[in-house]
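Visitor: I am new to this structure and would like a close look at a single part. Please choose one, show me how it is put together, and then tell me what lies around it.

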Amino acid sequence: MLPKTNYLAFEVLKANNNRISTIHTCIGDCNALTEVDVSSNLLSKLPETMGSLQNLKSLYLSNNGLRALPSALFKMWLQLTTLDLHNTEITVDVLRQVRTSSKCHSVK
């Protein structure tokens, strides 16, 4: 495991194709992250603390067992330009519900 002081400054986290089933809540402390790729893993949910990633621009979640996103995620993602949900159980209707509860930008 990396010491906390080292990973807090990471801007990119690429952990795709690793059979990861959970993401630790401390990811919310990594404020420098601009890109997170956890695609093609075994994730079924994301921690609420991911909503603290204010600088996040790209989030790749494809090919996971995700069925929902915590509403806190969109409240803080002001810079988010890429959200890849390909091959997840998340539908446009789910995103609209999250948008309504968090007052984020429109979902098309």
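Guide: Let us begin with one word that will come up often: two residues are in contact when they have heavy atoms within 4.5 Å of each other. Among the contacts in the chain with a separation of 6 or more, 32% are between residues 24 or more positions apart. What you see is a predicted model, in which local features need pLDDT of at least 70 and side-chain atom pairs count only at pLDDT 80 or more, while totals for chains, interfaces and linings use all residues. Residues are numbered from 1 along each chain as its sequence is written, and side-chain values use heavy atoms, with hydrogens and water left out.

The part I have chosen is the sheet. To place it, here is the whole chain: it has three helices and four strands, and along the sequence they follow the pattern α-β-β-β-α-β-α. Helices (H or I, at least four residues) and strands (E, at least two) are DSSP runs, numbered from the N terminus.

The four strands form an open sheet, in the order β1-β2-β3-β4, with parallel pairing. At its edges are β1 (12–14) and β4 (82–84), each of which pairs on one side only. Neighbouring strands of the sheet are turned by 5° against each other on average, direction ignored; the axes behind this value are lines fitted to C-alpha atoms, for helices over the stretch in contact, and angles run from 0 to 180 degrees between N-to-C directions. Two strands count as paired if DSSP finds at least two bridges between them. In general, strands of a sheet pair through backbone hydrogen bonds, either parallel or antiparallel.

Now come closer, to the edge at β1. This strand pairs with β2 (residues 35–37) in the parallel sense over three bridges, and K14 stands opposite D37 in β2. K14 also has a link to E35, a residue of β2: their side chains make a polar contact at 3.4 Å. A polar contact is a pair of N or O atoms within 3.5 Å; within protein, one must be able to donate a hydrogen and the other to accept it, and residues adjacent in sequence count only if both atoms are side-chain atoms. Not counting residues up to four places away in sequence, E35 touches E11, V12, L13, K14, L56, S58 and Y60.

L13, in β1, is partly exposed, with a relative accessible area of 29%. Buried means under 20%, exposed over 50%, and partly exposed in between (1.4 Å probe, protein chains only). Beyond four places in sequence, L13 is in contact with I27, L33, E35, V36 and D37.

From β2, follow the chain into the loop that leads to β3 (58–60), where you meet S40. S40 has a positive phi of about 55° although it is not a glycine. Most residues other than glycine have a negative phi, and most peptide bonds are trans. After β3 comes the loop to α2, with N63 in it, another non-glycine residue with a positive phi, here about 60°.

N64 belongs to that loop between β3 and α2 too, and is buried, with a relative accessible area of 7%. The side chain of N64 reaches the backbone oxygen of V38 at 3.0 Å, and a polar atom of that side chain lies 3.0 Å from the backbone oxygen of L61. Leaving aside residues up to four places away, the residues that N64 touches include S40, L42, N87 and T88.

One more loop, between α2 and β4, holds Q79. Q79 and S58 are 21 residues apart in sequence, and their C-alpha atoms are 8.6 Å apart in space.

Finally, step back to the nonpolar core, a set of buried Ala, Val, Leu, Ile, Met, Phe, Trp, Tyr and Cys residues joined through side-chain atoms within 4.5 Å. In the largest one, of 24 residues, L46, M50, L61, L69 and W77 touch the most other members. The elements giving two or more residues to this core are α2 (72–76) and α3 (92–102). Outside its neighbours within four places, W77 is in contact with M50, G51, L53, L56 and L59. Over the whole chain, buried residues make up 36% of the 108 residues.
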